[in-house]
Amino acid sequence: MRSNAVVLAAVLCLFLLPPFAVGIRTGPGRITTVNGGRNAFSKLGPFMEAPEYRNGKECASLVNRENFVSSSNDPSLVHIAMTLDSEYLRGSIAAVHSVLRHASCPENVFFHFIAAEFDSASPRVLSQLVRSTFPSLSFKVYIFREDTVINLISSSIRQALENPLNYARNYLGDILDRSVDRVIYLDSDVIVVDDITKLWNTSLTGTRVIGAPEYCHANFTHYFTSNFWSDPVLPGQISGRTPCYFNTGVMVMDMVRWREGSYREKLEKWMQLQKKMRIYDLGSLPPFLLVFGGNVEAIDHRWNQHGLGGDNIRGSCRSLHPGPVSLLHWSGKGKPWVRLDEKRACPLDHLWEPYDLYKHKIERVKDQALLWFASLSELADD
């Protein structure tokens, strides 16, 4: 009877879950342990505990940090949404570290992490790992139900782009708490080297829903197939606009306008059409270009120095775009933590390394230092 009751409870939980996500609340300094949790996340890390970053005197004080997430209209708060998964976890940890390190008011930053329901590491384990690395961080983990989008994903030029979690940004309006009316979305392969408050203060003028650095010199037509451009109707969907390429790895998003404008449904319509007639070759980017191209709040290029991962050629390295830099983005196939571990790092990967909290890496550096000192001692003895 007991086993039947457990099965029934599990089935009820499955059907009663909301269609997009369920949240794991984790306020400041709070951690919930699960049987085997420590062993599970030790396989993903371990990560060294980050330094404690505190607000300066100029920061607005938070009266009640337990209600931090529900006060989204407070101008002193910065809300950041990121995905969280076992494959890119090292990048996510480094990204969070970089934001806190350079924020003028780090205690006023709240992270919204979206984790896949069926990741090899459970969302709760990932949540525990974040808490152990950033003990005082204010954050919430939302469980993304992959069946929401799995039937809408078409094949891409790179298998990594077919990961359902890449499409979580399409569903932020449904996933995040309704009290969150504005958010910065960041990919997991970025490093912020400036005060994130500056990006947060971006104004979305008129009726614009998102802001991002635009690159109007890029050939917009290259992002869509001949099936799109030869169709008698489809090109007309963007007529009257002057669309520019933008990278969806860094976006300031108005969640109120997003929900009111049903933008998730608009993105899904293009994905449904893609399944029928293949109008593009990339993953989650082209629907954003089609829906928002020509109506994006242009943000300074310094906030997305993208493409540092290189192209699909192994060992390809990129240089920075001209101008100042506030955010480095390793979009593309190569990731800095992989190349550093394999000792084939690109020059700019060493800019990512100071934010890496991966403990094995740190211990390896210590071992190398000890060997170096030992060899110096031997030379001195000689």
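Just over half of this chain is tucked away: of its 382 residues, 51% count as buried. Keep in mind that this is a predicted model. The protein chain has 13 helices and 12 strands, and three disulfides are present in the structure. Contacts reach far along the sequence, too: among those between residues at least 6 apart, 79% join residues at least 24 apart.

**Disulfides: the overall pattern**

- Count the bonded cysteines along the chain and the pairing reads 1-2, 3-4, 5-6.

**C59 and C105**

- The sulfur atoms of C59 and C105 sit 2.1 Å apart, and the two cysteines form a disulfide.
- This link of C59 and C105 is left-handed, with -95° about the S-S bond.
- C59 is in the loop between α2 (37–42) and β2 (78–84), while C105 is in the loop between α3 (89–102) and β3 (109–116), so the bond ties together parts that are 46 residues apart in sequence.
- Both ends are covered: C59 has 10% relative accessibility and counts as buried, and C105 is buried as well, with a relative accessible area of 15%.

**C216 and C244**

- C216 is joined to C244 by a disulfide, S to S 2.0 Å.
- Here the link is right-handed, with 95° about the S-S bond of C216 and C244.
- C216 belongs to the loop between β8 (214–215) and α7 (226–229), and C244 to the loop between α7 and β9 (245–246), so the pair ties together parts that are 28 residues apart in sequence.
- C244 counts as buried, at 7% relative accessibility.

**C317 and C346**

- C317 and C346 make a disulfide, with their sulfur atoms 2.0 Å apart.
- The torsion about the S-S bond of C317 and C346 is about -85°, so this disulfide is left-handed.
- You'll find C317 in the loop between β11 and β12 and C346 in the loop between α11 (336–341) and α12 (349–352), so parts that are 29 residues apart in sequence are tied together by the pair.
- The two ends don't share the same class of exposure: C317 counts as partly exposed at 37% relative accessibility, whereas C346 counts as buried at 2%.

**G310, in the β11–β12 loop**

- G310 lies in the loop between β11 (297–298) and β12 (327–329), and C317 is in that loop as well.
- With a relative accessible area of 5%, G310 is buried.
- Leaving aside neighbours within four places in sequence, the contacts of G310 are S316, R318, S331, G332 and K333.
- From G310 to C346 is 36 residues in sequence, and 9.5 Å in space from C-alpha to C-alpha.

**Helices α9 and α10**

- Two packed helices are described by the angle between their axes and the distance between the axes.
- For α9 (residues 263–277) and α10 (residues 285–292), the axes come within 9 Å and cross at roughly 120°.
- That angle makes α9 oblique to α10, and the crossing of the two helices is right-handed.
- On the α9 side the contact uses Y263, K266, L267, W270 and M271, which meet P287, F288, L290, V291 and F292 in α10.
- Sorted by class, this contact of α9 with α10 has nine nonpolar residues, one charged residue and no polar ones.

**S284, between those two helices**

- S284 is found in the loop between α9 and α10.
- S284 is buried, with a relative accessible area of 9%.
- Apart from neighbours within four places in sequence, S284 is in contact with N166, Y167 and R169.

**Helix α4**

- Helix α4 (residues 123–133) is mostly covered, with nine of its 11 residues buried.
- The buried residues of α4 are P123, V125, L126, S127, Q128, L129, V130, R131 and T133.

How values were computed:
Residues are numbered from 1 along each chain as its sequence is written. This is a predicted model: local features need pLDDT of at least 70, side-chain atom pairs count only at pLDDT 80 or more; totals for chains, interfaces and linings use all residues. Side-chain values use heavy atoms; hydrogens and water are left out. Axes are lines fitted to C-alpha atoms, for helices over the stretch in contact, and angles run from 0 to 180 degrees between N-to-C directions. Helices (H or I, at least four residues) and strands (E, at least two) are DSSP runs, numbered from the N terminus. Angles under 35 degrees count as roughly parallel, over 145 as roughly antiparallel, 65 to 115 as roughly perpendicular and the rest as oblique. A crossing is left-handed if the near helix is turned anticlockwise from the far one by less than a right angle, and right-handed if clockwise. Contact means heavy atoms within 4.5 Å. Ala, Val, Leu, Ile, Met, Phe, Trp, Tyr, Cys and Pro count as nonpolar, Asp, Glu, Lys and Arg as charged, and the others, Gly among them, as polar. Buried means under 20% relative accessible area, exposed over 50%, partly exposed in between (1.4 Å probe, protein chains only). A disulfide is a pair of cysteine sulfur atoms within 2.5 Å.
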